[in-house]
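Got your viewer open and a selection box ready? Let's walk through this one stop at a time, beginning at a ligand.

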Amino acid sequence: MKNVVVLAGGVGGSRFLLGMRDQLRAQHPDATLTAIVNTADDLWLAGLRITPDLDTVLYTLAGLNDTQRGWGRVGETERVSAELAAWGIGHPWFTLGDLDLSASIARTSWLREGVPLHEVVSRLQARWPIGVRLLPATDEEAETHVVVDDPDRPGSELSLHFQEWWTRYRASLPALRFEQLGLAEAHPAPGVLDALAAAELIVLAPSNPVVSIDTILAIPGLREALRASPAPVVGVSPIIGGAVVRGMADACLTAIGVATDAAAAARHYGARSGAASGRNTSVGVLDGWLVDEVDASVAAPLTAEGIETRAVPLWMRDPATSAAIAAAALELAEQLLRDDR
Ligand code: GDP
Ligand code: CA
């Protein structure tokens, strides 16, 4: 397993990537780790292009993230945001620290010069030796919107940018449906399909299945590339004991009719072998799945459906617990390869 590719969102994705990087360094010092990061949460704010998941992953791997607050950089000040608020620019529910804003200014400046996002990401990450190659899922702007009943105009629908629904309303307005604007016309960023084709292991991080992983898989060519890969595809459950651990991802699953449990999430992704009874049977991507020990009872039925499932501790409390999960994913992948022979 010298070439590992991880599909990731923000918080869950970055914690897992940290563990996978450390585990690979210990097991295979010459291994390469590539992260294909969700861009469907990105937005324009105060004239700047903001990329929340890419930033969370970058700051976490660089050791610069604010672990207390859960987002942004450690030791932040918010002088610029305070000034912008006085001008009435931006949104009161989406504050960005000064250091965070400087990254967004750099990013936007390059984008306006015509530099594509994947090259922008490569320039931003060049500042720190993070040990992971970060790729945006796509260079194009394709954003998740959430359709809700308009709280101010009963009887009519309102389409909110995902960040507004998530951050301003804390996902408390029931989602009628998700709209992926531009995703069906988007292209994988340069490097994404090559990374998947060269992978010896592909991992779906324990990220939000609906708005972090599905939004990557929905880019035309992505799901097909996973299904065509000779590498095992192993997913890590973002759900433990019927709860989403951190955040409000259950609101997203509920909106698409998927139960908040580790087995339903696996069936949602579907077995690549096509033996699963889930709704994605014909387009499944998983060979293996890791669930927490409290969910051990789902291992046998999922395995019978073609998703080889193992129960291991899945709480990512620190880099060591995340690395143990990465080790379990590597071990399961090696076993899947042995069984294949
Ligand atoms: P976001 O983009 O910041 O929302 O982050 P992601 O989409 O990458 O991940 C969010 C999801 O990570 C949450 O909905 C949780 O289900 C999952 N998650 C967070 N912490 C843990 C953990 O310690 N263990 C596991 N298994 N999942 C976690
Ligand atoms: Ca996100």
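Start by selecting Val11 together with ligand 1: a backbone N or O atom of Val11 sits 2.8 Å from an oxygen atom of the ligand. Keep in mind as you go that this is a predicted model.

Now add Asn208 to the selection. Here too the contact comes from the backbone, with an N or O atom of Asn208 lying 2.8 Å from an oxygen atom of ligand 1. Switch on a surface for the ligand: on its own ligand 1 would expose 590 Å², and the protein buries 92% of that.

Next, pull up the whole shell around ligand 1. There are 20 residues in it, and those that come nearest are Ser207, Ser212, Pro238, Val244 and Arg246. Colour the shell by residue type and you should get 10 nonpolar, 8 polar and 2 charged residues. Which helix gives the most to this shell? That would be α1 (residues 11-27), which supplies 3 residues.

**Stop two: the calcium ion**

Select Asp53 next. A polar atom of the Asp53 side chain lies 3.1 Å from an oxygen atom of ligand 1, and Asp53 is also a protein donor to the calcium ion, ligand 2. Show Asp41 as well: the donors from the protein are an OD atom of Asp41 and two OD entries for Asp53, at 2.0 to 2.6 Å from the ion. Trace the chain between the two residues and you'll cover 12 positions, from Asp41 in the loop between β2 (32-37) and β3 (43-45) to Asp53 in helix α2 (residues 52-62).

Are these two aspartates buried or exposed? Asp41 has a relative accessibility of 5%, so it counts as buried. Asp53 is buried as well, at 6%.

**Stop three: salt bridges**

The structure holds 13 salt bridges, and we'll visit a few of them. Select Arg49 and Glu141, whose side chains meet at 3.9 Å, N to O. This pair ties together distant parts of the chain, 92 residues apart: Arg49 is in strand β4 (residues 48-50), while Glu141 is in the loop between β5 (133-136) and β6 (143-149). Toggle the surface here. Arg49 is buried, at 4% relative accessible area, whereas Glu141 counts as partly exposed because its value is 47%. Before moving on, add Glu143 to the view, as Arg49, Glu141 and Glu143 are linked in a network of salt bridges.

Then jump to Glu305 and Arg267, another salt bridge, with N to O at 2.8 Å. The two partners are 38 residues apart: look for Glu305 in the loop between α12 (299-304) and β12 (308-311), and for Arg267 in helix α11 (residues 262-269). Glu305 counts as buried at 14% relative accessibility, but Arg267, at 26%, is partly exposed.

For the last selection, take Asp287 and Arg272. Their side chains form a salt bridge of 2.7 Å, N to O. Where in the chain do Asp287 and Arg272 lie? Both are in the loop between α11 and β11 (288-291), 15 residues apart. What about cover? Asp287 has a relative accessible area of 16% and is buried, and Arg272 is buried too, with 15%.

Definitions and conventions:
Residues are numbered from 1 along each chain as its sequence is written. Chains are lettered from A and ligands numbered from 1 in the order in which they are written. This is a predicted model: local features need pLDDT of at least 70, side-chain atom pairs count only at pLDDT 80 or more; totals for chains, interfaces and linings use all residues. Side-chain values use heavy atoms; hydrogens and water are left out. Donors are N, O and S atoms within 2.8 Å of the metal (3.2 Å for Na, K and Ca); water is not among the atoms, so sites may look incomplete. Helices (H or I, at least four residues) and strands (E, at least two) are DSSP runs, numbered from the N terminus. Buried means under 20% relative accessible area, exposed over 50%, partly exposed in between (1.4 Å probe, protein chains only). A residue is near a molecule or strand if one of its heavy atoms lies within 4 Å of it. A polar contact is a pair of N or O atoms within 3.5 Å; within protein, one must be able to donate a hydrogen and the other to accept it, and residues adjacent in sequence count only if both atoms are side-chain atoms. Accessible areas come from the Shrake-Rupley method with a 1.4 Å probe; for residues, only the protein chains shown count as cover. Ala, Val, Leu, Ile, Met, Phe, Trp, Tyr, Cys and Pro count as nonpolar, Asp, Glu, Lys and Arg as charged, and the others, Gly among them, as polar. A salt bridge is a side-chain nitrogen of Lys or Arg within 4 Å of a carboxyl oxygen of Asp or Glu.
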